[in-house]
Structures are given as structure tokens and as C-alpha cells.
Amino acid sequence: MFPTNDFESIQAELISHTIIPKARLRRYRSKSGKEPYYQFSLQSQVKPYREFSRIDAMLDSYQGEFEVFALPNPMISHKAQTGLYLYQAANKGADTIVLGGATSNEIDAVIAGDFLQINGSKKAYRVLSDANADASARVTVKLTQPLIQSYISASTIKYGDAVEFQVSMTDRDSDATTADKARWGSHYVELIEQI
């Protein structure tokens, strides 16, 4: 598993360029289009050299941008939610979906900033605004980006910590320092969503 616990700072950014980045063209030419994708920036604190070397070796095993791997959601989720499903079919391009499976009249059934994933795709979506469930346990969810494909009703929803991004490493910078016969080092890594 990717060593996210070794990084003290993790940021997610939705990239909405219309030009396909070179890193996405290399390996998944047929799968990746111009759809928005997430980029994660991870920064470690300065660590003793032995710990730095352990992390360095772990990062080596991911083979840069040629290796695509699952990344458990590295962002802190505001809510744990299970049993959600797509209540009605959702069409490509829609930025609002209706979920079932929440608790009836649940306040903050989904919370802004949390991620969700719809069965049938590796793509993760971010919730734009808090939403409550109605008396029928349905939640209308506004997303930060349009759906990149259509999804059928009753599709299972992964929410929060259950989301797994499909990523590759696109940038890596390691810096080792020596002072008074002791060595330390830190890492900066960028991961890009592959869909």
C-alpha cells in the first residue's frame, strides 16, 4: 500500500485542463480523455536518514508514471457512510445525482469536501455542498464536476474512507541533507488520477 502515513501534508486538486497531460497519454491513451482529474501533492517532514531511505525505497517500487495503483482515500473524510446506492440512473455530464440508502431525514447525509465513487468506474467525485436526506432516505448530491460517464440505478456508492483512487506517480523530489555527520531527508510526491 502506498505510504500516505509517511507524509504530513496531503492536498487534492481538481485539474480541469482541456489539454491531456503527457503523463496520462503515456500509458492509458485509450482510457484517459480530457475529463477533469485529481492530482495529489504529498510532502513529508524532514526525517532521519534511515527513515528517509525506507520511504525512498518504497517510492522506487511504484516505478514512476508507468505504474498505476490503487490509492486509498488520503484525505480526511468528514463522515462515514455505508449502504448508499444510486437511486436513479445518472447521465454523463450531470453534476447532480440522487442517492438512496441514507437514514430517513438524516441531517448532513453527505458533507462538502468528502469523496464518493460510483460502482462501474474508478473515477472519484467530490461532494460540493452538504445535503440532507428526505423522509424517503434519498439525498440529492451536488458534485464538483460533471459525471464522466453514465451510471445505472442501484449502483453501489463508496463514500469517504472507502473510496480508492486509481493513480500513478508523476513527480517525485527527494532531498537529503548532511550536517554534523548526521543525515536527514524529505520527500515531495505528486500523484495523478488515472481513469
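**Notebook: strand 9, two positive phi values, and L191**

I began with strand 9, residues 139-142, and looked at its two faces: V139 and V141 make up the covered one, while T140 and K142 make up the uncovered one. A reminder to myself before going on: this is a predicted model.

**Strand 9 and its partner**

Next I looked up what strand 9 pairs with. Strand 6, residues 96-100, runs antiparallel to strand 9, and 4 bridges join the two. I then checked individual positions across this pairing. V139 of strand 9 has L99 opposite, and V141 of strand 9 is the bridge partner of I97. Happily, these are residues I had already noted: V139 and V141 form the covered face of strand 9.

I stepped back to see the sheet they belong to. It is an open sheet of 3 strands, antiparallel, in the order 5-6-9. Strand 5 (85-86) and strand 9 are its edge strands, each pairing on one side only.

**Positive phi values**

Which residue in the loop between strand 6 and strand 7 did I stop at? It was N105, which sits in that loop, with strand 7 covering 115-118. N105 is not a glycine, yet its phi is positive, about 60°. I also looked up how open N105 is: its relative accessible area is 47%, so I put it down as partly exposed.

A137 gave me a second case. Its phi is positive too, near 70°, and A137 is a residue other than glycine. A137 belongs to the loop between strand 8 (124-126) and strand 9. Is A137 buried or exposed? I have it as buried, because its relative accessibility is 14% and the cut-off for buried is under 20%.

So my two loop entries read as follows: N105 is partly exposed, whereas A137 is buried.

**L191**

My last stop was L191, a residue of strand 12, which spans 182-193. Its relative accessibility is 0%, so L191 goes into my notes as buried.

What does L191 touch, once neighbours within four places in sequence are left aside? I wrote down F2, then Y38, Q39, F40 and L42, then F69 and L71, and finally V167, S168 and M169. I took a further look at M169 from that list: M169 and L191 are 22 residues apart along the chain, and 4.4 Å separates their C-alpha atoms.

That closes today's page, with L191 at 0% relative accessibility and M169 among its contacts.

Methods. Residues numbered from 1 in each chain as written. Predicted model: local features only at pLDDT ≥ 70, side-chain atom pairs only at ≥ 80, totals over all residues. Heavy atoms only, no water. Buried < 20%, exposed > 50% of the residue type's maximum accessible area, 1.4 Å probe, protein only. Helix = DSSP H or I, 4+ residues; strand = E, 2+ residues; numbered from the N terminus. Pairing = 2+ DSSP bridges. Contact = heavy atoms within 4.5 Å.
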